[in-house]
Amino acid sequence: MKAGTYVEHFQWGKGIVVKELFHIAGDFSPPAVLVLWNKPRELENGNKLITLRIYEKDLTIISEVEE
C-alpha cells in the first residue's frame with residue numbers, strides 16, 4: 001500500500017497512509033502501514049492518538065494514489 005492512499009478502518013475511522021512499514025517478524029506477519037487519522041482519538045490519559053501502525057489487511061482502500 002503506497003503513501004497517500006486514503007483508507008478506512010472499522011474502529012478508527014478514515015485516514016491517510018503516510019508510510020509503508022517493514023515486516024517486523026519477517027514474512028510471518030502481514031504487511032503494516034503507518035496511518036494518519038482524520039479524527040484523532042483521545043486516550044484515557046488525555047493524549048491524542050494521531051497516527052497508528054496497523055496491518056494492511058485490516059484496512060479498506062477508499063482511493064489509491066496514481067502513479
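These legends accompany views of a predicted model of the protein.

**Figure 1. Overall fold of the protein, with 0 helices and 5 strands.** Read along the sequence, the elements follow the pattern β-β-β-β-β. The C-alpha trace spans about 35 × 30 × 20 Å along its principal axes. Of the contacts between residues at least 6 apart in sequence, 39% join residues at least 24 apart.

**Figure 2. Surface and burial in the protein.** The protein has 67 residues, and buried residues make up 22% of them. About 5200 Å² is exposed, and carbon and sulfur atoms supply 52% of this area.

**Figure 3. Charged side chains of the protein.** There are 8 positive and 10 negative side chains. The centre of the positive set and the centre of the negative set lie 7 Å apart.

**Figure 4. Close-up of T5, in the segment before β1.** The strand β1 that comes after this segment covers residues 6–9. T5 has a relative accessible area of 1% and counts as buried, because this value is under the 20% cut-off.

**Figure 5. Close-up of the side chain of T5 and the backbone of K2.** A polar atom of the T5 side chain lies 2.7 Å from the backbone oxygen of K2. This distance is within the 3.5 Å limit used for a polar contact.

**Figure 6. Close-up of the residues that T5 touches.** Leaving aside residues up to four places away in sequence, T5 touches G15, I16 and V17, as well as I61, S63, E64 and V65. T5 itself is buried.

Terms used: Residues are numbered from 1 along each chain as its sequence is written. This is a predicted model: local features need pLDDT of at least 70, side-chain atom pairs count only at pLDDT 80 or more; totals for chains, interfaces and linings use all residues. Side-chain values use heavy atoms; hydrogens and water are left out. Helices (H or I, at least four residues) and strands (E, at least two) are DSSP runs, numbered from the N terminus. Buried means under 20% relative accessible area, exposed over 50%, partly exposed in between (1.4 Å probe, protein chains only). A polar contact is a pair of N or O atoms within 3.5 Å; within protein, one must be able to donate a hydrogen and the other to accept it, and residues adjacent in sequence count only if both atoms are side-chain atoms. Contact means heavy atoms within 4.5 Å. Accessible areas come from the Shrake-Rupley method with a 1.4 Å probe; for residues, only the protein chains shown count as cover. Lys and Arg count as positive and Asp and Glu as negative; His and the chain ends are not counted. The place of a charge is taken as NZ of Lys, CZ of Arg, CG of Asp or CD of Glu.
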